[in-house]
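User: I am new to this structure and would be grateful for a close look at one part of it, with some account of the surroundings. Please take a sheet as the subject.

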Amino acid sequence: MSATGGDGRTERLLEVKDLTVGFPTRDGTVLGVDGLTLNVGSHERLGVVGESGSGKSVMGLAILGMVLPPGRIMGGSVRWKGENVLDEAVANRVRGREIAMIFQDPMVSLNPLKTVGAQLRELLQRRVGLQGSAIKQRSLELLDMVGIANPGDRLKSYAFELSGGMRQRVMIATALACDPTLLIADEPTTGLDVTIQDQILTLLHNLSTELGVSVLMITHDLGVVAQFCDRVQVMYAGRIVERAPIAQMFADPQHPYSLGLLQSVPRVDQAAAELAGIPGEPLDRAQFPPGCAFEPRCGEAHDTCRGAPPPLVKIAERRWVACYNRPGEAGETST
Amino acid sequence: MTAVENPMDPAAGAGTGDAAPPESVTVMAELRSHLWKSKAGISGIVICSLFVLAAVAGPWLPLIKDPTKQSLPDRLTPPVGWGGTWAHPLGTDQLGRDILARLIDGARISLLVSVTAVIIAAVLGTVLGLIAGYMGGKIDTLIVSAADVQMAFPGVLAGLILVAAFGPSVWLVIIVIAISSWMVFTRVGRGLVFTLKTSLYVEASELAGASSRRIMWRHLLPNLVSSLITLCVLELAAAILSESAFAFLGFGVQPPRSSWGLMIQQGRNYVTGDGWWIVTFAGMAIAIVVLGVNLLSLWLQSFNDVAEREQIVLERPGG
Amino acid sequence: MNEPVVPLVESRDVSVHFSRWVGSRRRTVYALDDFSIAVAPGETVGLVGESGCGKSTAGRALLGAVKLTKGQVLFEGKDVTNLSRRNWRAMRKQVQMIFQDPYSALNPKIKIRDSIAEPFLVHTRKRGAELDAAVGELLEMVGMTASAADKYPHAFSGGQRQRIVIARALALHPGFVVADEATAALDVSIQAQIVNLLVELKESVGLSYLFISHNLAVVRHVSDRVAIMYLGHLMEIGSHHDIYENPTHPYSQALLSAVPVPDPTTRGDHEPLKGDLPSPMDPPKGCRFNTRCPLAVEQCFEERPPLRERSSGHLVACWVN
């Protein structure tokens, strides 16, 4: 596995700029995602890591224009190879074909009333336009590709007859059916047992390398990010607080929140010192302070932090941080 | 959809537990704000309030006559607009009694019978449901079988038997209605308890050594209340109808007291000719009140659903 | 188990089987088989395994909260397996449990005060101001303010609720606490707070824990000894050092290498363990790990390997390693 990548050599596939998603509530509109910027290059595995309420899942859906009502996209742009994905016609063409998505719970995307084979057949007929025996052949090939033993038997199975890991493999197979260029994976291994998670992550890693599929991995698990991704963005309260290549993020986190997260995770391979943790609780979205959302929990906060949210600025090559205590290179704010 | 993150993480308050979380809006205020958005809810509340007001305060209202006072010269006076006068706004019946006064008197009986019967049924049914659901085993089988038998037994037949034995009376009607609807509460209560008793807080309480009675009373019952109140209102509508039916059959309240069912029974001979208003107004009273109660229950149910949904969203940050 | 002191809690060859309806058939779930473990006073024993391994059942068996099919549970050396309901009630004061899901562990319709006060109401004569003071003290002990007592659970976040659940568990100063996935539902920054709190309380109050978790890293952080389970069988048990530095059972080795380490410099190629977890309703004969074990030999399919001591206190159930 390589710990680099996503540099100048790659072509930009997905460009998200100033994406803002709002949810109307009793207390006014709260922002699930607030001015988010993100790029995914070809052959890249980008991680988006954050805790509950960070807006990472909302972001994943918003990229495909799938925000559930009453939420709605309030601003910003999402471009796929230069085309505006927020345009419904473009989204319908791209979604499920060039960009596929897998979720934590496979039962969300698998039809409980149809066999695995029937679902793949429908997909291959409608989206790929395969006919006749080519469908069966491609179905078997897809199941084999995701490491399912006896694919012929499995085509006749219903989703509820499969184990959690097997379901996740079937969901990956359906996502790969249309040869996507980008796979958005939202917590694909959360809730699976450790040994099964290991299988699925290895599978995703191998598939992305062999097929050249970029992956946007949305997760809460820093271990998954460290083992899987080339580059990572840390989200807190709907905003990106830090973006860095994987090695640098873990060796030298710059934002106090990233640092706190890393110091909160015990490691299985090392006798742990004290876990630092982050004091306080995540904030209620409706009660955000006007300044940096992390300010109430931050040990380095000062008056400036309470004024306005800090912009994401470039502090070094390929490193971006949104913190007043980490001044960036002049004039460079956000890509 | 589990994959969608909750945008409203309630995990409020900075600092380790010492920051004040947002004060929760009280249930009553929430109820009011939800009510104003619902036409059905407002209509239901208005109808039910008028009904209760008429039943409770009716006899003391000015211009309301004695419902039992007969006046044969005034018999079958039509309502205002059909040749009647304001002396009897809704006309008089075959004995010259004021229809409006008799409707209001009937409302009293209706309210008394339905509310008392539903309270008895709810208390009895809920207690049995709690016991059956929590204890399980043989007790559960016994209670469920009893409920099934009751379910299959026609209430009118039970009424007939009791009237034959004890003679007609209002209390008899109350008892008949109560015993023909307790099992609704038992079934719903038991079903809810089945899910609730697997909650970790029930296990925690058991591990703390709490008695079964304590767990049922302190932990399970409070979580049943909102659903059961909705059910009470729904059963109230059924009870009002039953009361009218029993009165119509002559099992319930006896003349000269009035009841809507009794008015229909006595007025039906005049329906086609010179006294259509007797049956019409009594029938309308029943229909409107039952509709009002149903609207109220519908709204309560939707409020419960919303409250439950919002609570889940508010309480469980996903993602 | 060669503990020098009398263990606080001990299970001897405990089996728990129960039946469950699957479709129209009644099937037996082999949740726990011949499970023996001992927790010394002041010790934290970590119990690790994947879903269906019986770790939660094991915890509940030690608390007398499930019916044992076979075996004994001892508390301070006394057999408490067949205690009457009344005597168990007295035992309840000394053993407690912290749950995985802090959202379901607190009754939403009851104020925090009443939730925490319940153990006092059941077991003591504390009432009124004395009771309020005790509740306030407990809340402060877990890092909350006493004013939290007047609120309902929905006013609190997951981490805060878990603190309240801990306060309730510690109300009557139990000696032994089973923490069943106590941090699994929490975000990492909050998980760290709760783990630290549990470790602190162990020192200050003098507790023993059975720390049940699927998270090997958290278990490493809190435990003195660690037991690894698979499909109702204990596979390996040893000191913290034995398990993490010298894992001997092939399953322990696979489990440890499967955990993604939050450090990209540790990336390396390893072969993930093949296959799915068998169902506890239909466990394989012999060693339960034989369907997935890379080292399995004929004997593994025929006979269950006994737990054998490799070094002092380090027991492994494997024919090969």
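Analyst: The account below concerns a sheet in chain C and then turns briefly to the other chains. The model is a predicted one.

In chain C, eight strands make up an open sheet with mixed pairing. Their order across the sheet is S6-S7-S8-S3-S9-S10-S12-S11. Strand S6 (95–98) and strand S11 (308–311) of chain C each have a single partner strand, so one side of each has no neighbour in the sheet. On average, and with direction ignored, neighbouring strands are turned by 20° against each other.

Within this sheet, strand S10 (residues 233–239) of chain C runs antiparallel to strand S12 (residues 314–316) of chain C, and two bridges join them. C:Glu236 has C:Val316 of S12(C) opposite. Helix H9 (residues 250–258) of chain C packs on the sheet, where it touches strand S9 (225–230) and S10 of chain C. The direction of H9(C) makes about 100° with that of S9(C).

Chain A also holds an open sheet, with four strands in the order S2-S1-S4-S5 and antiparallel pairing. Its edges are strand S2 (28–41) and strand S5 (83–84) of chain A. Seven bridges join strand S1 (residues 12–25) to strand S4 (residues 72–80) of chain A, and A:Val16 stands opposite A:Val78 in S4(A). Helix H1 (residues 56–63) of chain A lies across S1, S2 and S4 of chain A, at about 65° to S2(A).

In chain B, helix H3 (residues 99–135) has 37 residues, of which 26 are buried. Just after H3(B), B:Gly136 adopts a positive phi of about 65°.

Conventions:
Residues are numbered from 1 along each chain as its sequence is written. Chains are lettered from A and ligands numbered from 1 in the order in which they are written. This is a predicted model: local features need pLDDT of at least 70, side-chain atom pairs count only at pLDDT 80 or more; totals for chains, interfaces and linings use all residues. The expected span of a helix is 1.5 Å times one less than its number of residues. A residue is buried if 20 or more other C-beta atoms lie within 10 Å of its own, exposed if 12 or fewer, and partly exposed in between; C-beta atoms are placed from the backbone. Two strands pair if DSSP finds at least two bridges between them. Axes are lines fitted to C-alpha atoms, for helices over the stretch in contact, and angles run from 0 to 180 degrees between N-to-C directions. Two residues are in contact if their C-beta atoms, placed from the backbone, lie within 7 Å.
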